[in-house]
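Biologist: Please take a close look at a single part of this model and describe its surroundings in detail. A connected account, with the computed values, would be preferred.

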Amino acid sequence: MAEPRRPPGGGGAGGEGLGRSRGGFTTKLHLSADGRCRPLSLVVTPGQRADCTQFKPVLEKIRVPKPGPGRPRKKPDSVAADKAYSNGPCRQYLRSRGIRHTIPEKTDSQAARLRKGSRGGRPPAFDEERYKKRNTIERAINRLKQHRAVATRYDKRRYVYLGTATPAALTIWLRT
């Protein structure tokens, strides 16, 4: 779960993990969670960073240890994500790793596909019942924000904030 101490190329604003977005000077905490709303991986980025750019790093950080000997599990059974991750590279990455996914198609990409007619291809598969379980990630974020230091984010540096969020994630794991 830990990130490198300093960003490549030295310090500066990249090490802060703070950036401008519509909400002001903020930070984004990207995470994956299992079916019981327990965080599996955490990535901290500046507020203006797009969600889809962190899709691959978040999934590659998943490590679930086995109860006995052996390597930790790195691949989830399935992924349910929102429309922010509905693009070709995200879907291609999931297909290449053999991960089933439920991601709704954006309306503009759906219109573009329909405009192309038979050349547009068929729509991506979408399972509504599996997509209903996507709220587990929202509930995992709410559990993390029960810890005041994670919710308020007074830490200036990215690695310090990650060091604040990691024990909060550990307490969620220990309580369940």
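Modeller: Asp-34 lies in the loop that runs between β2 (24–33) and β3 (39–46). The model is a predicted one, and every value given here is computed from it. The relative accessible area of Asp-34 is 16%; because buried means under 20%, Asp-34 counts as buried. When residues up to four places away in sequence are set aside, Asp-34 touches Leu-40, Thr-136 and Trp-173.

The charge of this side chain has a partner. Asp-34 forms a salt bridge with Arg-38, and the closest N and O atoms are 2.7 Å apart. Arg-38 is buried, as is Asp-34.

This pair belongs to a wider set: a search of the whole structure finds seven salt bridges. Among them is the one between Arg-113 and Glu-105, where the closest N and O atoms are 3.1 Å apart. Both Arg-113 and Glu-105 are buried. Another of the set joins the side chains of Glu-138 and Arg-134, at 3.2 Å from N to O. In that pair the two partners fall into separate classes of accessibility. Glu-138 has a relative accessible area of 38% and is therefore partly exposed, whereas Arg-134, at 18%, counts as buried, since the limit for buried is under 20%.

Charged side chains on the surface offer a further point of reference. Arg-63, Lys-66, Arg-71 and Lys-74 gather there in a patch of positive charge. Residues enter such a patch only if they have over 30% relative accessible area and no salt bridge. Arg-63 has a relative accessibility of 41%, so this residue counts as partly exposed. Its place in the chain is the loop between α1 (55–60) and β4 (78–80).

A buried residue in a helix may be set beside the loop residue described at the outset. Cys-90 is located in helix α2, which spans residues 88–97. With a relative accessibility of 4%, Cys-90 counts as buried. Its contacts, not counting residues up to four places away in sequence, are with Cys-52, Phe-55 and Tyr-85. From C-alpha to C-alpha, Cys-90 and Tyr-154 are 32 Å apart in space, and 64 residues separate them in sequence.

To return to the part requested, Asp-34 is a buried loop residue that forms a salt bridge with Arg-38 and touches Leu-40, Thr-136 and Trp-173.

Methods:
Residues numbered from 1 in each chain as written. Predicted model: local features only at pLDDT ≥ 70, side-chain atom pairs only at ≥ 80, totals over all residues. Heavy atoms only, no water. Patch = residues over 30% accessible without salt bridge, like charges linked within 9 Å, V, L, I, M, F, W, Y side chains within 5 Å. Areas by Shrake-Rupley, 256 points an atom, 1.4 Å probe, with all protein chains shown as cover. Salt bridge = Lys/Arg side-chain N within 4 Å of Asp/Glu carboxyl O. Lys, Arg positive; Asp, Glu negative; His and termini not counted. Charge placed at Lys NZ, Arg CZ, Asp CG, Glu CD. Helix = DSSP H or I, 4+ residues; strand = E, 2+ residues; numbered from the N terminus. Buried < 20%, exposed > 50% of the residue type's maximum accessible area, 1.4 Å probe, protein only. Contact = heavy atoms within 4.5 Å.
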